[in-house]
Amino acid sequence: MAWALAAHAELAEIATGYGHFITVKELAERIQEVSGVRTEAPTRTWMAAILRKVARRCHSAGEPPLTALCVRQNHTVGDDYKYVLELAALPIPDDLELHAAYARWQCYQHYGAEMPAEVGVPPLTPKVDARRRKRSAGKPSSVKEELSTEARPSVCSQCFIQLPAGGVCHYCG
């Protein structure tokens with residue numbers, strides 16, 4: 001329980017800075033240091049359980065999902081993030097990383113980060129963004145032009161699921 005409390009506090013602190021996030025390994029080190037409870041067990045064997053506890057606490061308290069701020073070394077949220085969606089009884093979106101970007105944005109707003117005035121779509125983490133840019137750069141120019149002019153889909157401001165054509169979320173009403 002001490003680790004889950006420390007993880008929530010650390011993630012809440014990270015959320016006060018727009019664009020900030022932390023890796024699972026860094027968070028594991030911080031919560032052991034802050035709580036004073038240490039283990040020699042590999043991080044992969046216990047951090048998922050801690051992040052699930054944080055996700056449950058956030059969900060129960062009506063807070064945005066702080067676990068979106070915790071990414072793997074490659075800057076992706078990975079399959080562990082799907083638990084946030086399961087708690088909210090939401091479908092798994094096609095683009096989990098974009099959903100997590102919106103969730104991080106909500107965390108920044110909730111915890112008082114200074115938000116940029118002109119951001120229409122929350123940024124992906126740097127490594128994810130770089131991979132996507134590299135992938136789109138390798139496509140034929142007509143596809144590349146289409147990608148650059150194509151608008152991102154509208155998403156619900158509450159659950160971040162893509163909105164249907166009518167613009168009303170079927171899950172949030």
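**Exercise 1.** Which residue just after α5 takes a positive phi?

*Solution.* The model is a predicted one, in which local features need pLDDT of at least 70, side-chain atom pairs count only at pLDDT 80 or more, and totals for chains, interfaces and linings use all residues. Residues are numbered from 1 along each chain as its sequence is written, and side-chain values use heavy atoms, with hydrogens and water left out. Directly following α5, Gly-112 has a positive phi of about 80°.

**Exercise 2.** Describe the extent of helix α5 and the cap at its N-terminal end.

*Solution.* Begin with the extent: α5 (a DSSP run of H or I, at least four residues) covers residues 96–110, and its 15 residues reach 21 Å from first C-alpha to last, close to the 21 Å expected at 1.5 Å a residue. Then turn to the N-terminal end, where Asp-95 acts as the cap, with a side-chain oxygen 3.3 Å from the backbone nitrogen of Glu-97.

**Exercise 3.** Determine how α5 sits in its surroundings.

*Solution.* First consider burial (under 20% relative accessible area, 1.4 Å probe, protein chains only): twelve of the 15 residues of α5 are buried, so the helix is largely enclosed by the rest of the structure. Among them are Leu-96, Tyr-102, Trp-105 and Tyr-108. Next, find the partners: the buried residues of α5 pack against β2 (70–71), α4 (82–87) and α6 (126–137), where contact means heavy atoms within 4.5 Å.

Key:
Helix = DSSP H or I, 4+ residues; strand = E, 2+ residues; numbered from the N terminus. Expected span 1.5 Å × (residues − 1). Buried < 20%, exposed > 50% of the residue type's maximum accessible area, 1.4 Å probe, protein only. Polar contact = N/O pair within 3.5 Å; in protein donor to acceptor, adjacent residues only side chain to side chain.
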